[in-house]
Amino acid sequence: MTAHDGNMTTLASACATPRNTASTSSSSVWSNFLPSFFMDTLCKAFLLDNPDRSGHDNGDDALFCWTSAAAFGVSVVLATYSARRSDGGRRGSHWNHDDASSHQQQKQKQKQYPPRHERFSVMYANRNASQGMVGSRGQAALAPPIPYLHHFLACLNDPCDPETNPSGHVALCVAENKLVLDLLAERFLQSNGTGFADSSVYTYNSMLGMPIAREAAAYFLARHFLQLGEPQSSSQQQQQQQPQFTPQQALQQIPPQCLGLGAGCAALINHVFFLLGEPGDVCLIPKPYYAAFENDMNLIAQIEPFGVDQAQPALGPTVKELHAAYQKAPKAPKFLLLTNPNNPLGTIYAPHVIRNAIQWARQHDMHVVMDEIYALSTHSTTAGPADAKFQSVIRLLDNDLGTDVHVLWAVSKDFGASGLRCGLLYTHNHVLMEGLATLSIFTCVSGPIQYLVAELLTDDVYVDFFLAESRRRLRASYDKCVSKLTEMVIPYIPAVAGMFVYADFSSLLPERSFEWERCLSAILYKHARVVLTPGESQRDVNPGMFRICYAWVSPAVLDIAMERLSRTVARLRRMDAQDWTLAAQAVAGNDVSGAADNNDKSSNDLSTRTILRAFAGVLD
């Protein structure tokens with residue numbers, strides 16, 4: 001027996017402890033046998049498949065272990081399915097139980113807090129056929145988290161490729177950095193499966209995260225968010241003179257017990273609101289804001305979002321604007337949600353904006369949730385004062401968050417790794433952390449992913465290289481995007497962070513209304529085959545605003561998309577008042593086919609007739 005065989009035998013023995021929830025039925029036999037056989041075989045497969053760790057090439061043995069593990073897994077699934085089939089359907093009778101009193105209580109609750117499927121009944125009326133198949137909460141979940149989801153899915157089915165499918169659809173509506181996926185994949189391949197060789201990744205651990213992962217996240221926050229030492233006058237100087245400190249010093253500044261991991265920021269936002277609030281509580285969010293926030297806080301936690309109108313959104317909310325929203329809200333708000341750097345604007349709030357907002361919120365006994373998921377995706381090339389650079393709320397408050405400020409971050413944006421589903425919550429509210437420890441069983445991060453992320457976050461040399469290269473690539477695509485917008489004479493908000501540009505297409509609308517914005521969005525989809533994030537879904541008060549996510553595609557595909565937009569914009573600008581009148585009649589469902597046939601502009605491939613057809617299909 002090799003040394004590795006001995007290690008696996010020890011590991012199997014350690015893992016063979018039966019679960020404390022196992023019953024005395026036949027299922028307990030599986031719970032005792034499964035860890036011993038399956039985990040022994042699985043660990044052997046990982047180690048034998050890696051010559052660097054086993055000492056020699058054991059390809060045949062590894063293949064046998066993989067096959068054995070797979071066969072055993074299939075047999076367990078079949079046995080479990082057979083056992084449940086013989087259950088006689090007793091569970092179903094319990095699930096269908098309902099009485100008059102509970103029915104009345106449910107109807108009263110729906111009356112007090114209308115589910116999302118009622119608020120969006122017009123948009124999703126075709127889903128009424130599903131009533132009776134799921135409950136009211138299921139009905140709410142049927143509404144897409146973003147209204148343009150169907151267009152995005154169409155892009156996935158027909159993606160543009162410069163070589164194989166140059167006429168395909170382009171999705172510029174997803175804030176994700178695909179420009180760095182090659183760097184990330186290369187780094188993870190160097191790990192050689194170390195995340196699977198540690199026996200702790202296969203077993204239950206704290207649902208808040210394994211100790212090694214929470215310590216790594218704390219070290220990362222201390223180094224990149226708290227940033228010990230005084231900030232420099234420029235980002236370049238700050239990178240060169242960033243002070244070095246030991247992991248022990250970092251963990252003293254950011255205690256790991258104040259950190260909890262979860263399956264992305266969406267899950268953690270839901271948990272924070274669920275644990276701190278009550279159904280119907282109100283959260284203030286400066287407009288415009290990330291389209292899916294409403295789903296994140298409302299679907300399960302039932303927190304109601306309420307937008308804060310701003311005179312200058314790029315500068316952030318003033319105390320006066322926050323107070324005005326507080327007065328207009330249906331009830332006294334309990335939360336304030338701030339995103340810095342901002343999505344969709346790509347701007348950074350000045351330190352005094354953050355401090356003033358927190359001070360105001362504390363005067364009204366409100367919790368402040370700080371979403372800093374784009375913190376390290378800054379890409380401004382202009383040197384300026386320290387106020388123009390991102391500073392985390394952790395640093396702004398001297399790491400004294402109290403019990404009412406909660407910080408969120410994830411690897412989804414800054415590392416382009418949204419598929420890993422790994423985010424973190426940093427809070428000094430220990431009661432909140434205790435509740436999160438229980439709730440996180442539904443959204444904990446898998447052991448191997450925690451190990452992989454921990455290894456990444458503590459690799460200082462690689463992280464510095466990766467972030468610098470990511471910023472360079474983001475800036476190159478940003479410059480490409482805004483250069484074309486300038487050529488089209490389309491105004492935009494200059495961005496210094498994130499992976500998007502917020503552009504103003506309102507000059508193309510015959511009337512400043514969201515109905516016409518929806519028409520324009522449909523035209524861009526049908527004829528430019530490009531999907532942007534419409535301002536209406538981000539609760540912008542000004543029709544015609546669109547978010548362009550330039551990092552979701554390669555620079556070559558971005559060139560294609562921006563050229564299509566340019567041609568479409570030029571043709572739309574050639575439409576006269578009569579053309580728009582005909583289009584309006586088409587939207588209203590009037591028969592204008594004869595007028596369109598007689599129009600002498602039909603020689604353009606984006607002719608009036610084509611536009612009418614696009615408009616007529618908007619409200620189908």
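This passage describes the nonpolar cores, the salt bridges and one buried strand of a predicted model.

In soluble globular proteins, nonpolar side chains tend to be buried together. In the present model, the largest nonpolar core comprises 79 residues, and Leu172, Phe273, Leu485 and Phe505 are those with the most contacts inside it. The element that gives the most to this core is helix α25, which spans residues 555-573 and supplies seven residues. The surroundings of Leu485 illustrate how residues meet in this region: when residues up to four places away in sequence are not counted, Leu485 touches Ile490, Tyr492, Val501, Ala503, Phe505, Ile548 and Met562. A second core, separate from the one just described, has 69 residues, and Tyr219, Leu284, Leu322 and Ala454 are among them.

Charged residues form another set of links. Side chains of opposite charge can pair when their charged atoms come close, and the structure holds 17 salt bridges. One of these joins Arg187 to Asp459, with the closest N and O atoms 3.2 Å apart. Because Arg187 belongs to helix α10 (residues 181-189) while Asp459 sits in the loop between α22 (447-457) and α23 (460-487), this pair ties together parts of the chain that are 272 residues apart in sequence. The two partners can also be described by their accessibility: Arg187, at 8% relative accessibility, counts as buried because its value is under 20%, whereas Asp459, at 22%, counts as partly exposed. Apart from neighbours within four places in sequence, Arg187 is in contact with Glu455, Leu456, Asp459 and Tyr462, so that its salt-bridge partner Asp459 appears in this list of contacts as well.

Helix α23 contributes residues to further salt bridges. Within this helix, Glu469 and Arg473 lie four residues apart, which is about one turn of the helix, and their closest N and O atoms are 2.8 Å apart in the salt bridge that they form. Glu469 has a relative accessibility of 15% and therefore counts as buried. Another salt bridge brings together the side chains of Lys480 and Asp559, at 3.4 Å from N to O. Here the link is between distant parts of the chain, since Lys480 lies in helix α23 and Asp559 in helix α25, 79 residues apart. Lys480 is partly exposed, at 30% relative accessibility, and Asp559 is likewise partly exposed, with a relative accessible area of 38%. In addition, salt bridges with shared partners connect Asp182, Glu469, Arg472 and Arg473 into one network.

The last element considered is strand β8, which covers residues 423-427 and is mostly covered, with five of its five residues buried. From this strand, Gly423, Leu425 and Thr427 point one way, while Leu424 and Tyr426 point the other way, and all of these residues are buried. Strand β8 pairs with two strands described here. With strand β2 (residues 259-262), the pairing is antiparallel and extends over four bridges, and within it Gly262 has Gly423 of β8 as its bridge partner. With strand β7 (residues 405-410), β8 again runs antiparallel, and five bridges join the two. Trp409 stands opposite Leu424 of β8, and Leu424 is itself one of the buried residues of the strand.

Notes: Residues numbered from 1 in each chain as written. Predicted model: local features only at pLDDT ≥ 70, side-chain atom pairs only at ≥ 80, totals over all residues. Heavy atoms only, no water. Core = buried A, V, L, I, M, F, W, Y, C linked by side-chain atoms within 4.5 Å. Buried < 20%, exposed > 50% of the residue type's maximum accessible area, 1.4 Å probe, protein only. Contact = heavy atoms within 4.5 Å. Salt bridge = Lys/Arg side-chain N within 4 Å of Asp/Glu carboxyl O. Pairing = 2+ DSSP bridges.
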